[in-house]
Structure formats: structure tokens, C-alpha cells
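Visitor: I'm new to reading protein structures. Could you walk me through one, feature by feature?

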Amino acid sequence: MGMDGEPDSSEEVTSDVSESFETQLPPSDILEIEPVYEALGHPRRRYLCYTLFEGAEWSLSDLATKVAAWENDVPEHAVSEDQHEDVYVSLYHAHVPKLVDEGVITFDEATETITAGEHAEQVLIALEGMGASPDSNQETHARGEMDE
Amino acid sequence: MSKRTDDGIVDADDQASGADTHWPQVAQRHYEPDEQGGLTTTIVSAIAEAEGVSPSEVKSPPLYDSVDVPAIEEAFFGPGASGGSRQGVGTVEFRYTDYLVKVRSDGWTQVYEPTEPDLR
């Protein structure tokens, strides 16, 4: 009740982009702009967020395969063990905990499952807004798959 | 003071933190910014060697609980203001479980394990 009139305004901002995710993502909470930039400030965190367009739940290992395929511009079956391990280790030790901190995803340690969090929707809307200027082949690659 | 060998590796015995605890070096790895594999992989590989496991078996807690490794990677090895590599010299030290980890701007990551001198 301390935020009179504020919470409802987020619904008006909602574009048709988000409508397709409404069914699979948890209800969004208010998110300051700073955590959005923090979440998207590293390529691997952006790629991880792109995968949330495809599904709201991922195993960490599958996610590592997908991100490694994008980074190295190879099909998923051609990702080497070293490439997979490099991405897996950095997701586990750095990027996943940071996105959990920002409320963009949740992470089940026991099953190593990543699920979209309460702030996922705002981050995906921001990614959509950045679509006009993808800054690398990988970004184009990642976006291409998301449109499929 | 650190003693360097010809290939730039710092000797293990330049350690002193804690009055009674000795910190022998148990593993080290070198990070190459231009090669496949990020700084997180370098650090986790060194810790994995110290623990005698594979890098993907180093779990709980994540390094993120100690330091933000991609931020260190950017600070030491990211593109400089002029587009070249950074010239800054420094070391980040942190504790990870029982280990002391040092990440140096020359690319060397070293892992130290505490030993109690009285217990040998």
C-alpha cells in the first residue's frame, strides 16, 4: 500500500511482445531499470535470457550447450566438451547466481534447473527493444532462433 | 617479495597470511585472453586441480559468493580505453571454501591451501 498508483502502471507498458509469454512466465514484479542493465550487461547472460523466449525452464547443461553453440557459431551437436565445460562453469559460478540475485531466474541446485523468475518479463521486453541494433553475429544468431 | 622463475611463474613460498597458518601453493593456471575459455574456467580449473576433481564437479558454493569473476576479467583483461589491452598491475585475493585464491593481472591464478604447522 506504500506505492499508491504505482503497481498497476506496469500493465499499461506491457506490449504485445509480452503477451505471448504471459501464459508461461510468472507474474512480473516492479523492477528498477538498473537490474535490467545488470542482467543484460554480459553476452552470456543475454544469451541465457534469449533462451527464455523459447521456454521458461531449462537444465543448466542444455543451456550451456545452446549458449556454446551460439558463441562458437556451430550446431548444438558439434559443441565440443571443452566449449560446453567453459560455458557451463561460467554459468554456474557467475552468471546464473547473478540473474538469481536480480530475480530474473530461479535456480534449483539439486536438479540444476533454471526457471524464469518474476523479473524475466521486463528483461525480455528490454531485449526486444534492443532488437534494432544487434551487435554481433552471435546476437543475430540467438535472435534468429528465438523467432523460429 | 615474490621470486620469479624464468618463465614468469611465482614461487609458492612467498606466502604469509595468518600468524600460525602456512599457505603452500597447491595449484596454478594461466589465463590467455585470446584463447577459448574464460577466466572463470581458469580459476575453477585451478580449484578443481587442488580438490582432485574435474572443473564441472566444483560445486556449492558458486564463486559468485566470493567474487564476481567476469567483473575481474573485465577489469584486468578487458579492452583498454585506447582499444589495446590494459597495462594495470594488480592482484585480487579471495577465500573460496578453505582455499586462498589469487588472481593476478599477468594472467596467473594460484590456489593455496592452509596447513597448521603444529599438526604435521
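Guide: Happy to. Let's start with one residue and its company: setting aside neighbours within four places in sequence, L63(A) is in contact with L48(A), T51(A), W58(A), L91(A) and I114(A). Keep in mind that this is a predicted model.

Visitor: Where does L63(A) sit in chain A?

Guide: L63(A) belongs to helix 5, which covers residues 60-72 of chain A.

Visitor: And is L63(A) buried or exposed?

Guide: The idea is to look at relative accessible area, where under 20% means buried. L63(A) comes out at 0%, so it counts as buried. Here's another thing to look for: residues far apart in sequence can face each other in space. The C-alpha atoms of L63(A) and Y88(A) are 8.0 Å apart, with their positions 25 residues apart along the chain.

Visitor: T51(A) was on that list too. Which residues does T51(A) contact, beyond its neighbours within four places in sequence?

Guide: Those are W58(A), L63(A), K66(A) and W70(A). T51(A) is in helix 4 (residues 43-54) of chain A, and with a relative accessible area of 0% it is buried. Its side chain also has a polar atom 2.5 Å from the backbone oxygen of L48(A).

Visitor: Can we zoom out? How many helices and strands does chain A have?

Guide: Eight helices and three strands. If you read chain A along the sequence, the order is α-α-α-α-β-α-α-β-β-α-α. Of its 148 residues, 46% count as buried. You can also ask how far apart in sequence the contacting residues are: among contacts in chain A with a separation of 6 or more, 61% are between residues 24 or more positions apart.

Visitor: Next up, salt bridges. What should I look for?

Guide: Look for a side-chain nitrogen of Lys or Arg within 4 Å of a carboxyl oxygen of Asp or Glu. Over all chains, this structure holds 10 salt bridges. One of them pairs K98(A) with E38(A), whose closest N and O atoms are 2.7 Å apart. That pair links distant parts of the chain, with K98(A) in helix 6 and E38(A) in helix 3 of chain A, 60 residues apart.

Visitor: Are those two partners buried or partly exposed?

Guide: One of each! K98(A) is buried, at 7% relative accessible area, while E38(A) is partly exposed at 31%. Another pair to find is E54(A) and K66(A), whose side chains meet in a salt bridge at 3.5 Å, N to O. E54(A) is in helix 4 and K66(A) in helix 5 of chain A, so this pair ties together parts 12 residues apart in sequence. Here E54(A) is partly exposed, at 36%, and K66(A) is buried, at 6%.

Visitor: What about chain B?

Guide: There, the side chains of K102(B) and E93(B) meet in a salt bridge of 3.6 Å, N to O. Salt bridges can also share partners, and in that way E38(A), K98(A) and D68(B) are joined into one network.

Visitor: That network has members from two chains. How do I read the place where they touch?

Guide: Ask who takes part and how much area gets covered. The contact involves 17 residues from chain A and 18 residues from chain B. About 1500 Å² is buried between them, with carbon and sulfur atoms giving 55% of that. Then count the links: there are two salt bridges between chain A and chain B. Helix 6 (residues 81-101) gives the most to chain A's side of the contact, with 13 residues. One salt bridge across the contact has the side chains of K59(B) and E112(A) meeting at 2.8 Å, N to O.

Visitor: Is there anything to notice about the backbone at E112(A)?

Guide: Yes, check the phi angle: for E112(A) it is near 50 degrees, a positive value in a residue other than glycine. E112(A) is in the loop between strand 2 (105-108) and strand 3 (113-116) of chain A. S60(B) also has a positive phi, near 45 degrees. S60(B) is joined to P61(B) by a cis peptide bond, with omega about 0 degrees. P61(B) is in the loop between helix 1 (39-51) and helix 2 (69-77) of chain B.

Visitor: Last one: which residues form a nonpolar patch on the surface?

Guide: I33(A), Y37(A) and M130(A), with about 320 Å² of accessible area together. I33(A) lies in helix 3 (residues 33-40) of chain A, and its relative accessible area of 55% makes it exposed.

Notes. Residues numbered from 1 in each chain as written. Chains lettered and ligands numbered in written order. Predicted model: local features only at pLDDT ≥ 70, side-chain atom pairs only at ≥ 80, totals over all residues. Heavy atoms only, no water. Patch = residues over 30% accessible without salt bridge, like charges linked within 9 Å, V, L, I, M, F, W, Y side chains within 5 Å. Areas by Shrake-Rupley, 256 points an atom, 1.4 Å probe, with all protein chains shown as cover. Helix = DSSP H or I, 4+ residues; strand = E, 2+ residues; numbered from the N terminus. Buried < 20%, exposed > 50% of the residue type's maximum accessible area, 1.4 Å probe, protein only. Contact = heavy atoms within 4.5 Å. Buried area = accessible area lost by both parts, 1.4 Å probe. Polar contact = N/O pair within 3.5 Å; in protein donor to acceptor, adjacent residues only side chain to side chain.
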